[in-house]
Amino acid sequence: MFKKKKGLILSLTVASSILLAAGCSNSTSGTDSGKDKGDALPAVGATIYKFDDNFMSYVRRAMDTAAKDKVKLMLNDSQNDQAKQIEQVDTLIAKGAKSLAINLVDPKAAQTIVDKAKAKNIPVIFFNKEPDATVLTGYDKAYYVGTTSSESGVLQGELIAKAWEANKDKYDKNKDGKLQYVLLKGEPGHPDAEARTKFAIDTVKEKGIQVEELAMDTAMWDAMKATEKMDAWIAKYNDKIEFVIANNDGMALGAIASLEKAGYFSGDKFMPVVGVDAIPEALEMIESGKMVGSILNDAKNQGKATIDLAANAANGKDVLDGTEWKLDDKKAVRVPYIEVTKDNIQVGRDAYK
């Protein structure tokens, strides 16, 4: 009888240990860089709005590289779910993060995250999705790493205008002197989507080119959604479309997939397509002649700058200490955009070395 009781107690003890271990497991969805260093490195808690975003996947790789032997990077996939991201921030704070690096799902949630960080005196580096200026000014330990949203739109507009003027005989199918376009927009309300849409078209007009919008709709930065939109537009407008403008390369690639199904890029059937980001997949399309060009959104330096600032903050230093970065009057590090065409494609390639 005693042996049976002893065996039962042992079994219950083992079961309790397993349950306890399960309850203490990592609840964040991501990876830790620098984990082999243990407590020797300060912890930076980071979230990315979704890992499978084309551009953000390259920012994430750059962050992992920059974090090596510098900080313990606790990197999480928020899966495009703001509620999940808030939970991840709570977990990262509980795990002892000395600073936070946040790629917001929804920029409107920035204040909530700052409030949580401020309560624990933890610095916050927002990146890629810019919060409202009042969020940064309201907390002395909040900063932003990204770009000037309007710059990508202006450069894309200049790229479109140059391509149109150089190939007007080919591109102007109905010979009416107007550029008839469809536009694939990113997430509505996203600062980059709004700025790229406005400034690209405004810049084309400023160059003296008449334009006509055939269709514009959001594809939420997503290639598959862009393919679906482009399928519908080809069915409706077909040869009336003279230019495809996309707020990012992911959507541009989705549009190209649709155009290829419709017989474009074969023989004399061509459609000019432009994007933003100059990701490696887009560079291949530019080189093959299926994209006119893109605007390099420097993922490598955005990721590096984010970690540089977050690492300094985690160590209690000035965020710019020992770096080449500069803050503007909005407490932001601005990484410049660069136009990329077939003529200077090496610039794009170099950004991913």
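Two strands count as paired if DSSP finds at least two bridges between them. With that in hand, the exercises below work through the predicted model.

**Exercise 1. Determine with which strands S2 pairs, in which sense, and which residues stand opposite valine 44.**

Solution. Begin with strand S3 (residues 72-77), which pairs with S2 in the parallel sense over six bridges; within S3, leucine 73 is the residue opposite valine 44. The connection between these two strands passes from S2 through H2 to S3, and this β-α-β crossover is right-handed. Next take strand S4 (residues 99-102), which runs parallel to S2 and is joined to it by four bridges; here serine 99 is the residue that stands opposite valine 44.

**Exercise 2. Decide whether the residues of S2 are buried or exposed, and work out which way they point.**

Solution. The cut-off needed is that a residue is buried under 20% relative accessible area. Strand S2 (residues 43-48) is mostly covered, since six of its six residues are buried. In a regular strand the side chains alternate between the two faces of the sheet. In S2, accordingly, Ala43, Gly45 and Thr47 point one way while Val44, Ala46 and Ile48 point the other way, and all are buried.

**Exercise 3. Give the order of the strands in the open sheet that contains S7, and explain why one side of S8 and of S10 has no neighbour.**

Solution. The sheet is open and consists of four strands in the order S8-S7-S9-S10, with parallel pairing. Strand S8 (210-218) and S10 each have a single partner strand and stand at the edges, so one side of each lacks a neighbour in the sheet. Turning to the pairing of strand S7 (residues 178-185) with strand S9 (residues 243-246), one finds four bridges in the parallel sense, and valine 182 is placed opposite valine 244 in S9.

**Exercise 4. Count the aromatic pairs, then classify the pair of tyrosine 58 and tyrosine 352 and the pair of tyrosine 171 and phenylalanine 270.**

Solution. A pair of aromatic rings is described by the distance of the centres and the angle of the planes. The rule to apply is that the centres lie within 6.5 Å, with planes under 30 degrees apart counted as stacked and over 60 as edge-to-face. By this rule there are four aromatic pairs. For tyrosine 58 and tyrosine 352, the centres are 5.1 Å apart and the planes make an angle of 70°, which gives an edge-to-face pair. This pair links distant parts of the chain, 294 residues apart, with tyrosine 58 in helix H2 (residues 54-67) and tyrosine 352 in the segment after helix H13 (345-350). Tyrosine 58 counts as buried because its relative accessibility is 13%, whereas tyrosine 352, at 24% relative accessibility, counts as partly exposed.

Tyrosine 171 and phenylalanine 270, by contrast, form a stacked pair, at 6.1 Å centre to centre and with 20° between the planes. Since tyrosine 171 lies in helix H7 (residues 168-171) and phenylalanine 270 in the loop between helix H10 (249-261) and strand S10 (273-274), the pair ties together parts that are 99 residues apart in sequence. Tyrosine 171, at 6% relative accessibility, counts as buried, and phenylalanine 270 is buried with a relative accessible area of 19%. Ring pairs also join Tyr171, Phe243, Phe265 and Phe270 into a cluster.

**Exercise 5. Find which lysine has its charged end over the ring of tyrosine 264, and which lies over the face of phenylalanine 199.**

Solution. The charged end of lysine 269 sits over the tyrosine 264 ring, 4.6 Å from its centre. Over the face of phenylalanine 199 lies lysine 198, at 5.6 Å from the ring centre.

**Exercise 6. Work out on which part of helix H11 the buried residues lie, and what they pack against.**

Solution. First list the buried residues of helix H11 (residues 280-288), which are Ala282, Leu283 and Ile286. They span an arc of only 105° around the axis, and therefore lie on the same side of H11. Their packing partners are H10, strand S11 (294-296), strand S13 (338-340) and H13. Just after H11 comes glycine 289, whose phi is positive, about 90°.

**Exercise 7. Locate aspartate 69 and phenylalanine 265, and state what their phi values are.**

Solution. Aspartate 69 is found in the loop between H2 and S3, and its phi is near 65°, a positive value in a residue other than glycine; with a relative accessible area of 54%, aspartate 69 is exposed. Phenylalanine 265 is in the loop between H10 and S10, and its phi, near 65°, is likewise positive in a residue other than glycine.

Note on methods:
Residues numbered from 1 in each chain as written. Predicted model: local features only at pLDDT ≥ 70, side-chain atom pairs only at ≥ 80, totals over all residues. Heavy atoms only, no water. Phe/Tyr/Trp six-rings, centres within 6.5 Å; stacked < 30°, edge-to-face > 60°. Buried < 20%, exposed > 50% of the residue type's maximum accessible area, 1.4 Å probe, protein only. Lys NZ or Arg CZ within 6 Å of the ring centre and 35° of its normal. Right-handed = clockwise from strand over helix to strand, strands pointing away. Arc of directions from axis to C-beta. Contact = heavy atoms within 4.5 Å.
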